[in-house]
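Hi everyone, thanks for making time this morning. I'd like to walk you through one structure, so let me put it on the screen.

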Amino acid sequence: MAKPLKKFVSCVILDLDGTLLNTDGVVSEVLKGFLAKYGKQWDGREAQRIVGKTPLEAAAAVVEEYGLPCGKEEFLAELQPVFYAQLCNIKPLPGASRLLKHLSGHGVPMALASNSPRGSIESKISYHQGWKDYFSAIVGGDEVTAGKPSPEIFLEAAKRLNREPSSCLVIEDSMPGVTAGKAAGMEVVAVPSVPKQAHLYTSADEVINSLLDLQPEKWGLPPFQDWIEGTLPTEPWYISGPVIKGFGRGSKVLGIPTANLSPKGHSSLLSEHPSGVYFGWAGLSTRGVYKMVMSIGWNPYFNNAEKTIEPWLLHEFTEDFYGEELRLVIVGYLRPEVNFPSLESLIAKIHEDKRIAERALDLPLYSKHKDDPYLSSSFHSESNHS
Ligand code: ADP
Ligand code: RBF
Ligand code: MG
């Protein structure tokens with residue numbers, strides 16, 4: 001497939017929170033606790049109002065949204081120590097370490113540009129092996145007169161990298177960040193951290209679903225070389241549960257039955273992994289272990305309200321197996337979920353996914369997981385595989 005070159009850049013400027021780090025997970029936990037103290041319940045939907053903001057702006061948004069009986073400064077002062085104690089628990093987002101290692105390995109200069117204060121940026125990255133050395137420059141919100149959406153942070157980062165703004169590629173998850181990058185005269189790839197918001201990022205030069213989907217060659221940067229026969233190996237991850245009723249349109253409409261797992265009880269796993277099409281092995285305790293290709297997400301074609309888990313077992317069964325315990329080991333990634341102009345084109349794409357997964361799973365890299373005891377042991381606790 002042709003990959004049109006968008007524009008040549010020579011360096012990359014990255015946002016930290018929500019782009020490289022899953023800060024939102026920890027922020028939500030901390031806010032949940034605080035709001036409970038004020039008798040309010042944190043509703044993840046407000047996340048949209050705080051991404052990309054400075055800490056004080058974010059505090060102001062929460063105080064206003066929940067009508068808290070305190071000032072934004074007071075709220076921030078109360079919240080900050082609790083948040084800082086949690087910095088060590090912030091995990092890299094999928095594909096973040098891979099991207100940094102790749103670009104650094106090819107000598108592409110990188111900078112971090114974040115609205116967080118410099119000190120906070122440095123402590124956050126200190127928990128991740130090697131990260132500090134990846135960046136030739138770091139610019140914090142406290143080092144400029146105005147944070148994003150002002151272009152200042154990005155211009156300062158370019159200056160410290162000794163590059164023209166026009167040769168910088170910005171990678172950002174938030175709207176204020178995208179606005180700032182474009183105002184700085186830079187190329188901007190948006191990786192929205194709030195689901196189903198991609199359509200709002202019209203000013204970005206490209207919108208991708210997760211860092212796994214970044215194609216550096218589109219920007220004249222060295223391509224990733226870790227794709228194998230159309231698949232991207234991932235650290236294996238595990239998910240299991242009884243097969244539940246889905247929307248009843250899998251086999252009926254598409255001829256593609258998917259043995260749905262309940263998203264309930266898997267919310268942290270589901271928020272950790274980007275939506276998309278994955279593959280691996282599926283175990284049914286009384287039947288056996290099968291190849292499997294699955295979609296995780298909102299199925300844009302059907303525009304589901306909930307992130308669902310839909311594995312298609314690559315085997316002809318003579319009967320349904322609702323209620324049976326299904327165990328999945330996910331070993332690789334294929335592509336982001338996309339919308340299709342017709343049901344026929346959706347079906348054709350899913351069959352192509354099937355062919356790619358079926359072939360790839362015979363590679364030793366993937367086939368070795370077929371023997372994972374997780375797939376067949378009937379009494380196995382989730383926690384052993386966190
Ligand atoms: P639902 O919307 O309830 O998930 P589907 O039309 O997707 O309905 O059918 C899924 C059901 O079909 C599964 O729960 C399972 O019991 C059965 N089934 C039969 N063959 C397969 C297969 N190869 N992969 C997944 N599920 C299958
Ligand atoms: N739905 C989409 O809307 N977009 C997709 O890109 C997409 N990819 C899929 C890939 C695989 C391997 C499977 C099994 C399903 C995929 N679906 C996708 C979901 C499909 O719409 C879903 O199985 C039906 O909604 C049946 O419940
Ligand atoms: Mg289904």
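**The shell around ligand 2**

Of the elements that line ligand 2, α12 gives the most to its shell, with three residues. Before I go on, please keep in mind that this is a predicted model: local features need pLDDT of at least 70, side-chain atom pairs count only at pLDDT 80 or more, and totals for chains, interfaces and linings use all residues. Residues are numbered from 1 along each chain as its sequence is written, chains are lettered from A and ligands numbered from 1 in the order in which they are written, and side-chain values use heavy atoms, with hydrogens and water left out.

Helices here are DSSP runs of H or I with at least four residues, strands are runs of E with at least two, and both are numbered from the N terminus. With that in hand, α10 (250-254), β9, β10 and α12 (343-360) each supply at least two residues of the shell.

Which residues are closest to ligand 2? They are N299, Y301, E310, R335 and V338, out of 20 that surround the ligand; a residue counts as near if one of its heavy atoms lies within 4 Å.

Now the polar contacts, meaning pairs of N or O atoms within 3.5 Å; within protein, one must be able to donate a hydrogen and the other to accept it, and residues adjacent in sequence count only if both atoms are side-chain atoms. An N or O atom in the E310 side chain sits 2.7 Å from an oxygen atom of ligand 2. For R335, a polar side-chain atom is 2.8 Å from a ligand oxygen. V338 uses a polar backbone atom, 2.7 Å from a nitrogen of ligand 2. The protein covers 100% of the 540 Å² of accessible area that ligand 2 has on its own, by the Shrake-Rupley method with a 1.4 Å probe; for residues, only the protein chains shown count as cover.

Next, the magnesium ion, which is ligand 3. T258 coordinates the ion through O and OG1, and N260 through OD1, at 2.1 to 2.2 Å. Donors are N, O and S atoms within 2.8 Å of the metal (3.2 Å for Na, K and Ca), and water is not among the atoms, so sites may look incomplete. Are these two residues buried or exposed? T258 is partly exposed, at 22% relative accessible area, while N260 is buried, at 6%. Buried means under 20%, exposed over 50%, and partly exposed in between, with a 1.4 Å probe and protein chains only.
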